[in-house]
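Q: Could you take me on a close look at one part of this model, the place where two helices pack against each other? I would also enjoy a short tour of the surroundings afterwards.

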Amino acid sequence: MKKIAVIGSNGQLGNCIKKIAPDFEHQYEFLFTDSSTLDVTNEEQVNDFFYDNKPDYCINASAYTAVDLAEKEKEKAFAVNADGVAHLAQACTDYKSVLIHVSTDYVFDGTTNLPYSEDDFTNPIGVYGASKREGEELALEINPKTIILRTSWLYSEFNKNFVKTMLSLFSQKEELGIVADQFGQPTNANDLAEAIMEIIEAPQKTYGIFHFSNYPETTWFEFAKKIAEFSKSSVKLNPLTTEQYPTPAKRPVRSTMSLDKIEEVYKIEPKHWENSLEECVDILSNS
């Protein structure tokens, strides 16, 4: 039976993979680790884990994702998002494992009006994006059997994310201001988990960079409006400009990604973000 190591299994994506793992229990043995059992920044720990377990696939769902805090904690962000990825990539090379590494739309500067393709020039405008870009580069350089999945605006019923934050605020506030001039693609982490398993199940592997998200693009304001609609909240939402809501880290204005390649190569058809959001809000409302 083939083994799948899921690194960072206590995060949103890791939890979503745990949720669907029973569907694959006859085909794969899942090895779930989190930062307390496997610290990716510790090369020796990574090597020991691979030596003991020899996974066929390694899904790297671990990441330093505190976008604003990364501006102060640059070393920490790079340790996890770049050095940690290099350690995993080297271990995957040594043990002939396929590395499936999750990256971000924040590797782009967001200054174009066209959707970014996988080959477009990366130019991160913050520490988080820069650390993730370095992780991508190291993974591809070290391990030829690497599949990078760039995703965006990830949310789920697990952990902290925009959807859960909004639902919490809706119950506390009568009125909220939400940024309306930043564009991207909200992505349900459950859909990403399913896409990863589809790639693992694919008889032929194409390595390299792929984009995966829900579609089409929207703004944080429109996203919040849909969360309010699906949760039947009466909160009043007001559109804000980026200037009215300053943050320590700059965000890409439009980091919309083209999804053509993953559809073409792996026949994976992303879902409309509103449908995936409605499913998530239903789960959260009934939990």
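A: Happy to: here is the helix pair, followed by some elements and residues elsewhere in the chain. Please keep in mind that this is a predicted model.

Let us begin with the pair itself. Two packed helices are described by the angle between their axes and the distance between the axes. Here the partners are helix α7, residues 220-230, and helix α9, residues 273-285. Their axes lie 10 Å apart and meet at an angle of about 45°, which makes α7 oblique to α9. The crossing of α7 and α9 is right-handed. On the α7 side, the contact is made by E222, F223, K226, I227 and F230. On the α9 side, W273, E274, L277, E278 and V281 take part. Sorted by class, this contact of α7 with α9 holds six nonpolar and four charged residues, with no polar ones. The spacing along each helix is easier to read with one rule in mind: an α-helix has 3.6 residues a turn, so residues three or four places apart point the same way.

One strand residue leads back to α7. I178 is found in strand β7, residues 175-179, and with a relative accessible area of 6% I178 is buried. Apart from neighbours within four places in sequence, I178 is in contact with W220, F221 and A224, among others. The contacts of I178 also include F162, M166, L237, N238, P239 and L240. By contrast, the C-alpha atoms of I178 and E43 are separated by 41 Å, with their positions 135 residues apart along the chain.

Now to the backbone around this region. Most residues other than glycine have a negative phi, and most peptide bonds are trans. K232, in the loop between α7 and β12 (236-240), has a positive phi near 55°. K232 counts as exposed, at 76% relative accessibility. P216 sits in the loop between β10 (208-211) and β11 (218-219), and a cis peptide bond with omega of about -10° joins Y215 to P216. Another positive phi, near 45°, belongs to K54, in the loop between α2 (43-53) and β3 (57-60). K54 is partly exposed, with a relative accessible area of 45%.

Helix α6 deserves a look as well. Its 13 residues, 189-201, should span 18 Å at 1.5 Å a residue, and the end C-alpha atoms are 18 Å apart, which agrees. Ten of the 13 residues of α6 are buried, so this helix is largely enclosed by the rest of the structure. The buried residues are A189, N190, D191, L192, A193, A195, I196, M197, I199 and I200.

A189 brings us to Q12, which has its place in helix α1, residues 12-20. Q12 is buried, with a relative accessible area of 13%. Setting aside neighbours within four places in sequence, Q12 is in contact with A189 and also with L154, Y155, S156, F158, N159, K160 and N161.

Finally, R133 is found in helix α4, residues 127-142. R133 counts as partly exposed, at 26% relative accessibility. Not counting residues up to four places away in sequence, R133 touches V107, T122, N123 and P124. R133 and F32 are 101 residues apart in sequence, and their C-alpha atoms are 25 Å apart in space.

Notes: Residues numbered from 1 in each chain as written. Predicted model: local features only at pLDDT ≥ 70, side-chain atom pairs only at ≥ 80, totals over all residues. Heavy atoms only, no water. Axes fitted to C-alpha atoms, helices over the stretch in contact; angles between N-to-C directions. Helix = DSSP H or I, 4+ residues; strand = E, 2+ residues; numbered from the N terminus. Parallel < 35°, antiparallel > 145°, perpendicular 65-115°, else oblique. Left-handed = near helix turned anticlockwise from the far one by under 90°. Contact = heavy atoms within 4.5 Å. Nonpolar A, V, L, I, M, F, W, Y, C, P; charged D, E, K, R; others polar. Expected span 1.5 Å × (residues − 1). Buried < 20%, exposed > 50% of the residue type's maximum accessible area, 1.4 Å probe, protein only.
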